[in-house]
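Q: Could you take a close look at one part of this model with me? I would like to understand how a pair of helices packs together.

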Amino acid sequence: MGTLMSMTGFARESGTLPDGTAFAWELRSVNGRGLDLRLRLPNGQDALEPALREATGKRLRRGNVSATLTLKREERPKLSVDPAALEQALQLALALADRIRGSEAPRAEALLALPGVLRAEQAEPDEAQEAAKRAALATAYEKALAGLAAARQAEGAKLHAILSGLLDEIAALREAAAAEAAGQPEAQRARLLDQLAALLGENGHARIPPERLAQEVALLAQKSDVREELDRLAAHIEAARALLAAGEGAGRKLDFLTQEFVREANTLCSKSASVPLTRIGLDLKAAIERLREQAANVE
């Protein structure tokens, strides 16, 4: 039996880069018609995108996937003094102190607190280090992607059980419909005789030639014949079970097949000539709708 994959899952991968930067990948996926990857990357990490998209395409077939990367550098930036700014601030402070009698000489911490005197050192990016950083982040992304695939596989196993149960329910309703439909011709004949009796009086149908009566009953039976719909439903149930057994990549085919289920159930209800068969048809439509909703989550 193949592995059924869901399109719903979550995974997280975190760690620390060689330069001390802490990182975390968070991947989420939900159902979608195709594969749609939405990346949320910090500034300066756009170069990662092509590799991430390629890795995702190799691992997943369908689903709306969002991938978020967060970076946090614990190390505080190094500070340095701007000599020109410090000299200018010192000369202004000394000049002002000379003009004010009894004032103290300017203190070092006061000068350093002045805007522009202290500045954060901006290290020049090293291309080799940046390349190593991108490689480490891409490797971590692939690990997160593997975790997402595993989560989707686990969800797929649960989906397999749910879908199998719904197919069993639909098959049982189909059998009940077949048993009820077998009695429709006789029920229609009895109904027709009752209507004739109401119009023509007791034994009024005796005035009508038997062959004419049989012809009317045959026409009614033909209009309400649901054997074709029941046969097609049986074939669809068998095809759906085969898709579940095959597993991988069954989503699109299941989606199409559930539309065929709906079509046959609608036709069965429209042809129904009895209240019990109509009730079975409505139950059948409800079960098929649940099947359709669950199948929409299959990759």
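A: Happy to help; here is a walk through one helix pair.

This is a predicted model, in which local features need pLDDT of at least 70, side-chain atom pairs count only at pLDDT 80 or more, and totals for chains, interfaces and linings use all residues. Residues are numbered from 1 along each chain as its sequence is written, and side-chain values use heavy atoms, with hydrogens and water left out.

Two packed helices are described by the angle between their axes and the distance between the axes. Our pair is helix α7, residues 227–246, and helix α8, residues 251–271 (helices are DSSP runs of H or I, at least four residues, numbered from the N terminus). Their axes come within 10 Å and cross at roughly 160° (axes are lines fitted to C-alpha atoms over the stretch in contact, and angles run from 0 to 180 degrees between N-to-C directions). α7 and α8 are therefore roughly antiparallel to each other, a label for angles over 145 degrees. Their crossing is left-handed: the near helix is turned anticlockwise from the far one by less than a right angle.

Now for the residues that meet, where contact means heavy atoms within 4.5 Å. On the α7 side they include Leu230, Leu233, Ile237 and Leu244, and on the α8 side Leu254, Leu257, Phe261 and Leu268 are among them. The residues of this contact divide into 11 nonpolar, 2 polar and 6 charged (Ala, Val, Leu, Ile, Met, Phe, Trp, Tyr, Cys and Pro count as nonpolar, Asp, Glu, Lys and Arg as charged, and the others, Gly among them, as polar). Glu229 and Arg232 in α7 take part, as do Lys253 and Glu260 in α8.

Key:
Helix = DSSP H or I, 4+ residues; strand = E, 2+ residues; numbered from the N terminus. Parallel < 35°, antiparallel > 145°, perpendicular 65-115°, else oblique.
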